[in-house]
Amino acid sequence: MDPLRISLRPFKLSDVDDFLKWASDDRVTRYLRWNTITSREEALTYLEKVAIPHPWRRSICLDNRSIGYISIRPGSGDDRCRARVGYAVSSEYWGQGIVTAALKMAVSKVFDEIPELVRLEAMVELENKASQRVLEKVGFLKEGLLRKYGYCKGEIRDMFVYGFISTDEISSN
Ligand SMILES: CC(C)(COP(=O)(O)OP(=O)(O)OC[C@H]1O[C@@H](n2cnc3c(N)ncnc32)[C@H](O)[C@@H]1OP(=O)(O)O)[C@@H](O)C(=O)NCCC(=O)NCCS
């Protein structure tokens, strides 16, 4: 995949049809906190009410068409130094290095764009090896195992916690 074809930008309502293509796939949403989107109307409402107003949510684009997302949600109050990272890409494009490239772009920008931010963290299910690999390729550190950390699709799950501090180096591999 030519990295020049990949870009990040805010979502637009006109992304609805491209968004629905990947957001309606249970394989894509399996490890996400949000549920599979099942209609164009629901997709429009999600873009309008969730994706567009989000403090830092970007569409991962291939040739400027939405094929996935990265979200970085800063905490508030005493938690404003850290933000939770989430991402997904259309299953059509898995294994081509797209999310690794996109997450590197996001990490390289977000500490400048949100000056109070010092730490990014990602919680990953134990069996989600592809996501763990992405985080390791970007330069996140696996910091530990959080037992019975939270619900995912109705079940309380153990999760690995990965962290990246503003002074860490994005991996060049
Ligand atoms: C996880 C996900 C984001 C990865 O995106 P991607 O663009 O395919 O990732 P990349 O191609 O950049 O890297 C994937 C890496 O995982 C590896 N991988 C994939 N499946 C694997 C598996 N079952 N076991 C071990 N490694 C695996 C790939 O080989 C690749 O590593 P490599 O470059 O060393 O070969 C994508 O699969 C996805 O959207 N999944 C559903 C949503 C999700 O799980 N989001 C994360 C929630 S924490």
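## Shell around the ligand

In this predicted model, helix 5 supplies the largest share of the shell around the ligand, namely 5 residues. Helix 5 (129-138) is one of the elements that give two or more residues to this shell, the others being strand 4 (82-89), helix 4 (98-113) and strand 5 (119-125).

Of the 21 residues around the ligand, those that come nearest are Val-99, Thr-100, Lys-129, Ala-130 and Arg-133. Sorted by class, the shell around the ligand is made up of 13 nonpolar, 6 polar and 2 charged residues.

## Packing of helix 1 on helix 3

Two packed helices are described by the angle between their axes and by the distance between the axes. For helix 1 (residues 16-23) and helix 3 (residues 40-51), the packing angle is about 105 degrees and the axes lie 9 Å apart. Helix 1 is therefore roughly perpendicular to helix 3, since angles of 65 to 115 degrees count as such.

On the side of helix 1, the contact is made by Val-16, Phe-19, Leu-20 and Ala-23, while helix 3 contributes Arg-40, Ala-43, Leu-44 and Leu-47. By class, this contact of helix 1 with helix 3 has 7 nonpolar residues, 1 charged residue and no polar ones.

## Burial of helix 1

Helix 1 is largely enclosed by the rest of the structure, because 6 of its 8 residues are buried. The buried residues of helix 1 are Val-16, Asp-18, Phe-19, Leu-20, Trp-22 and Ala-23, and they pack against helix 2 (26-29), helix 3 and strand 3 (65-74).

Terms used:
Residues are numbered from 1 along each chain as its sequence is written. This is a predicted model: local features need pLDDT of at least 70, side-chain atom pairs count only at pLDDT 80 or more; totals for chains, interfaces and linings use all residues. Axes are lines fitted to C-alpha atoms, for helices over the stretch in contact, and angles run from 0 to 180 degrees between N-to-C directions. Helices (H or I, at least four residues) and strands (E, at least two) are DSSP runs, numbered from the N terminus. Angles under 35 degrees count as roughly parallel, over 145 as roughly antiparallel, 65 to 115 as roughly perpendicular and the rest as oblique. Two residues are in contact if their C-beta atoms, placed from the backbone, lie within 7 Å. Ala, Val, Leu, Ile, Met, Phe, Trp, Tyr, Cys and Pro count as nonpolar, Asp, Glu, Lys and Arg as charged, and the others, Gly among them, as polar. A residue is buried if 20 or more other C-beta atoms lie within 10 Å of its own, exposed if 12 or fewer, and partly exposed in between; C-beta atoms are placed from the backbone. A residue is near a molecule or strand if its C-beta atom, placed from the backbone, lies within 6 Å of it.
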